[in-house]
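Colleague: I'd like a close look at a single part of this one, a helix and whatever sits around it. Could you walk me through it in one go?

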Amino acid sequence: MTDITLEDKNNDTTTASPLKNKKHVSFGDCEIREYQIIIGDHPMCKKGLPLSLGWKYSKSQKISIYEQEMNQRPYRELRMSAKERRYVLHEVSGYSLSYLECMEDLRAMIRLRNQDDNDNDLMKSNKQLEEFLEKVF
């Protein structure tokens, strides 16, 4: 039988027989980073501007995985209204209210344009279907 040599993070080596090894999983610390909050582009955000994380982060702290699990909020508490998202973008991220209004208007125009494009595509496909049915029947 072959022995297995393992090396841990302190470069200490241990030799163990495969039959004596018990499989286990353990977790160390979590690193928590605070990222910048920016205007996002999530398509399912129907009202207001969506939030996204930027690439820059400022603080970093380490806590145990168990502490993180204990402090984690349920998903339903993480949802924000359009008013709350606007507050975060203005107060936390520093966007001006006039800039946010312009971005909301722009997003609404893009949504209307996409809706019109979808309606036009639907009308085109309906017309093509009618032409096909006329040829067949």
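Modeller: Let's take helix H3, residues 82-92, whose buried residues are Arg85, Val88 and Leu89. Buried here means under 20% relative accessible area, exposed means over 50%, and partly exposed is in between, with a 1.4 Å probe and protein chains only. Those three cover an arc of only 95° around the axis, so they sit on the same side of H3; the arc is that of the directions from the helix axis to the C-beta atoms. The face turned away from that buried side carries the exposed residues Lys83 and Tyr87. After H3 comes glycine 94, with a positive phi near 85°.

A word on the source: this is a predicted model, where local features need pLDDT of at least 70 and side-chain atom pairs count only at pLDDT 80 or more, while totals for chains, interfaces and linings use all residues. Residues are numbered from 1 along each chain as its sequence is written, and side-chain values use heavy atoms, with hydrogens and water left out.

Now, what does H3 meet? Leu89 is one of the contacts of isoleucine 39, along with Leu49, Pro50, Ser52, Tyr95, Tyr99, Leu100 and Met103, leaving aside neighbours within four places in sequence. Contact means heavy atoms within 4.5 Å. Isoleucine 39 lies in strand E3 and is buried, with a relative accessible area of 18%. Its C-alpha atom is 9.5 Å from that of arginine 86, although the two are 47 residues apart along the chain.

Arg85 has another role in the picture: Arg85 helps line the largest pocket, together with His42, Met44, Cys45, Pro50, Leu51, Tyr75, Leu78, Arg79 and Met80. On a 1 Å grid over the protein atoms alone, a pocket is an open set of points where a 1.4 Å probe fits, with protein on both sides within 12 Å along at least five of seven lines, and lining residues have an atom within 4 Å of a point. The volume is about 390 Å³, taken as the space filled by probe spheres set on the points, which are joined across faces, edges and corners. By class, the lining has 7 nonpolar, 1 polar and 2 charged residues.

To place H3 in the whole, the chain has 4 helices and 4 strands, running β-β-β-β-α-α-α-α from the N terminus on. Helices (H or I, at least four residues) and strands (E, at least two) are DSSP runs, numbered from the N terminus. Of the 137 residues of the chain, 12% count as buried.

How values were computed: Nonpolar A, V, L, I, M, F, W, Y, C, P; charged D, E, K, R; others polar.
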